[in-house]
Amino acid sequence: MIIKALRRVFCTHEDTFSFRTYNDFDFSEYRKCSKCGRILRYIKGFDEDMRG
């Protein structure tokens, strides 16, 4: 547990990825670091393209 906390503190977050989860027309987008698993950005909104 302590090692994970130290890894998050000193990680440079160079390798990141994004993914979205959908609930009807609402979405949540997360941007995470591949190395330490920390969530760097979280966006929540309404997707107009999903309505069709």
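Is Phe10 buried or exposed? Phe10 counts as exposed, because its relative accessibility is 66% and the threshold for that class is over 50%. The model discussed here is predicted. Its secondary structure consists of 1 helix and 3 strands, which follow the pattern α-β-β-β along the sequence.

**Overall composition**
- The protein has 52 residues, of which 13% are buried.
- About 4500 Å² of the protein is exposed, and carbon and sulfur atoms supply 52% of that area.
- Of the contacts between residues at least 6 apart in sequence, 22% join residues at least 24 apart.

**Helix α1 and the nonpolar patch**
- Helix α1 covers residues 2–10, and Phe10 lies in this helix.
- Phe10 also contributes to a nonpolar surface patch, together with Ile2, Leu6 and Val9.
- The area of this patch is about 480 Å².

**Strand β2 and Ser28**
- Strand β2 covers residues 26–33 and includes Ser28.
- Ser28 has a relative accessible area of 12%; residues under 20% are classed as buried, so Ser28 is buried.
- When neighbours within four places in sequence are left aside, the contacts of Ser28 include Phe19, Arg20 and Thr21.
- Ser28 is likewise in contact with Tyr42, Ile43 and Lys44.

**The two residues side by side**
- Phe10, in helix α1, is exposed at 66% relative accessibility, whereas Ser28, in strand β2, is buried at 12%.

Technical notes
Residues are numbered from 1 along each chain as its sequence is written. This is a predicted model: local features need pLDDT of at least 70, side-chain atom pairs count only at pLDDT 80 or more; totals for chains, interfaces and linings use all residues. Side-chain values use heavy atoms; hydrogens and water are left out. Patches are made of residues with over 30% relative accessible area and no salt bridge: like charges are joined within 9 Å, nonpolar side chains (Val, Leu, Ile, Met, Phe, Trp, Tyr) within 5 Å. Accessible areas come from the Shrake-Rupley method with a 1.4 Å probe; for residues, only the protein chains shown count as cover. A salt bridge is a side-chain nitrogen of Lys or Arg within 4 Å of a carboxyl oxygen of Asp or Glu. Helices (H or I, at least four residues) and strands (E, at least two) are DSSP runs, numbered from the N terminus. Buried means under 20% relative accessible area, exposed over 50%, partly exposed in between (1.4 Å probe, protein chains only). Contact means heavy atoms within 4.5 Å.
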